[in-house]
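Please open the model in a viewer and keep the sequence panel visible beside it. The tour below proceeds by selections, each followed by a description of what is found there.

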Amino acid sequence: MEISAAESLGVEERGKYYDGAGALRDMIQNHLMELMGFTAMECPAAFEADQIKAEVSKVFRSVRPFTPVDMPERVIRGQYEGYREEPNVAPDSYTETYAAVKLFIDNWRWSDVPFYLYTGKKMAEKRSEIVINFKSTPHVLFAGQCSGKSCNRLIINIQPDEGITLYFGLKVPGIGYKVEQVGMDFRYKSLSDTPLPDAYERLLLDVMEGDSTLYPQSDTLEISWKLMDPVLEYWKQQGREGLYFYPPGQNGPAERCVIAPEPESCPFLPK
């Protein structure tokens, strides 16, 4: 499972805030973890705010904590070249503009399934998405059938082009059983008569209507900080060590794949 939020812009005029926050606090601890909760939760008994938030809370309570031993294999940070020259940024700043973490949800459904959460500034493109990679079959039966995480996957596109894409193997028409990978796409923009509010418009409208579904409850916030505080402390102790630099316009530092199970199946590479 991959949940990402990549931005092509830098910190712009937010250097004073961002240099004290960083990518982990700015995006992963709140936005991406909340998306993880919605994706991994069990079906609620009713489509009501309290029911949904209770299921999200169960997910957060099942997340495996970080330990000093596994930290190097589960977190990584980077900084885009030129960040230290941005207005109101310290010239020797160690603040991360790219962060990636590998989480595990220790419950029956998601046992040993890695959840990769990553975000970055000055990336190749602006894109937020959730990618569900399905396991390959143990045995490849058909010619042309591909194996690996890139074969069968469901992509929920959040920004900038809301929609859903499903990739899967399809038998080639005709004689034989040759399989090729194909995709099915749906884009909300195809519903031309349905305006789509942006994220903050939706949240503000929900506030005015008294709908708290998309707002986390206090216990999940406390748990998310409890999970991420050890990472922040680890990076603070590391200082310059373990901070990787990357050129603007790329998909983060080259070392981003060190926390992937296999370099060739790095979840942080463009699809």
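**First stop: Ser-57 and helix 2**

Begin by selecting Ser-57, which has its place in helix 2. The model is a predicted one. Is Ser-57 buried or exposed? Its relative accessibility is 5%, and therefore Ser-57 counts as buried. Display the residues around Ser-57: apart from neighbours within four places in sequence, its contacts are Gln-217, Asp-219 and Thr-220.

Now extend the selection to the whole of helix 2, residues 49–61. The helix has 13 residues, which should span 18 Å at 1.5 Å a residue, and its end C-alpha atoms are indeed 18 Å apart. Colour the buried residues of helix 2, namely Ala-49, Ile-52, Lys-53, Glu-55, Val-56, Ser-57, Val-59 and Phe-60. Helix 1 and helix 5 are included in what covers these buried residues.

**Second stop: where helix 1 meets helix 2**

Add helix 1, residues 15–40, to the view. Packed helices of this kind can be described in simple terms: the angle between the two axes and the distance between them. Here the axes of helix 1 and helix 2 come within 8 Å and cross at roughly 105°. Because of that angle, helix 1 is roughly perpendicular to helix 2.

Which residues make the contact? On helix 1, select Met-33, Glu-34, Met-36, Gly-37, Phe-38 and Ala-40. On helix 2, select Ile-52, Val-56, Val-59 and Phe-60. By character, the residues of this contact divide into eight nonpolar, one polar and one charged.

**Third stop: helix 5**

Move next to helix 5, residues 218–238. Its 21 residues reach 30 Å from the first C-alpha to the last, close to the 30 Å expected at 1.5 Å a residue. Follow the helix to Met-228, where there is a kink of about 30°, shortly before the proline Pro-230.

Select the buried residues of helix 5: Asp-219, Thr-220, Ile-223, Ser-224, Leu-227, Met-228, Val-231, Leu-232, Tyr-234, Trp-235 and Gln-238. Asp-219 and Thr-220 have already appeared on this tour, as contacts of Ser-57. What do the buried residues of helix 5 pack against? Show helix 1, helix 2, helix 3 (71–74), strand 2 (75–80) and strand 3 (98–104), for these are the elements concerned. Finish this stop at Gly-239, which follows helix 5 and has a positive phi near 65°.

**Fourth stop: Asp-206 in helix 4**

Select Asp-206, found in helix 4, residues 199–209. Its relative accessible area is 3%, so Asp-206 is buried. Setting aside neighbours within four places in sequence, Asp-206 is in contact with Asp-211, Leu-214 and Tyr-215.

**Fifth stop: the loop between strand 3 and strand 4**

Return to strand 3 and look at the loop between it and strand 4 (114–120), where Asp-106 is found. With a relative accessible area of 40%, Asp-106 is partly exposed. Beyond residues up to four places away in sequence, Asp-106 touches Ser-62 and Arg-64. For a sense of distance, draw a line from Asp-106 to Glu-162: the two are 56 residues apart along the chain, and their C-alpha atoms are separated by 30 Å.

Asp-112 is found in the loop between strand 3 and strand 4 as well. Is Asp-112 buried or exposed? At 56% relative accessibility, Asp-112 counts as exposed. Its phi is positive, about 65°, although Asp-112 is not a glycine. Not counting residues up to four places away in sequence, Asp-112 touches Arg-64 and Phe-104. A second line can be drawn from Asp-112 to Ser-93, 19 residues apart in sequence and 35 Å apart from C-alpha to C-alpha.

**Last stop: two further loops**

Select Lys-122, in the loop between strand 4 and strand 5 (127–133). Its phi is near 55°, a positive value in a residue other than glycine. Lys-122 is partly exposed, with a relative accessible area of 23%.

Finally, select Pro-160, in the loop between strand 6 (153–159) and strand 7 (163–171). Inspect the bond that joins Gln-159 to Pro-160: this is a cis peptide bond, with omega about -5°.

Technical notes: Residues are numbered from 1 along each chain as its sequence is written. This is a predicted model: local features need pLDDT of at least 70, side-chain atom pairs count only at pLDDT 80 or more; totals for chains, interfaces and linings use all residues. Side-chain values use heavy atoms; hydrogens and water are left out. Axes are lines fitted to C-alpha atoms, for helices over the stretch in contact, and angles run from 0 to 180 degrees between N-to-C directions. Helices (H or I, at least four residues) and strands (E, at least two) are DSSP runs, numbered from the N terminus. Angles under 35 degrees count as roughly parallel, over 145 as roughly antiparallel, 65 to 115 as roughly perpendicular and the rest as oblique. Contact means heavy atoms within 4.5 Å. Ala, Val, Leu, Ile, Met, Phe, Trp, Tyr, Cys and Pro count as nonpolar, Asp, Glu, Lys and Arg as charged, and the others, Gly among them, as polar. Buried means under 20% relative accessible area, exposed over 50%, partly exposed in between (1.4 Å probe, protein chains only). The expected span of a helix is 1.5 Å times one less than its number of residues. The bend at a residue is the angle between axes fitted to the seven residues ending there and the seven starting there.
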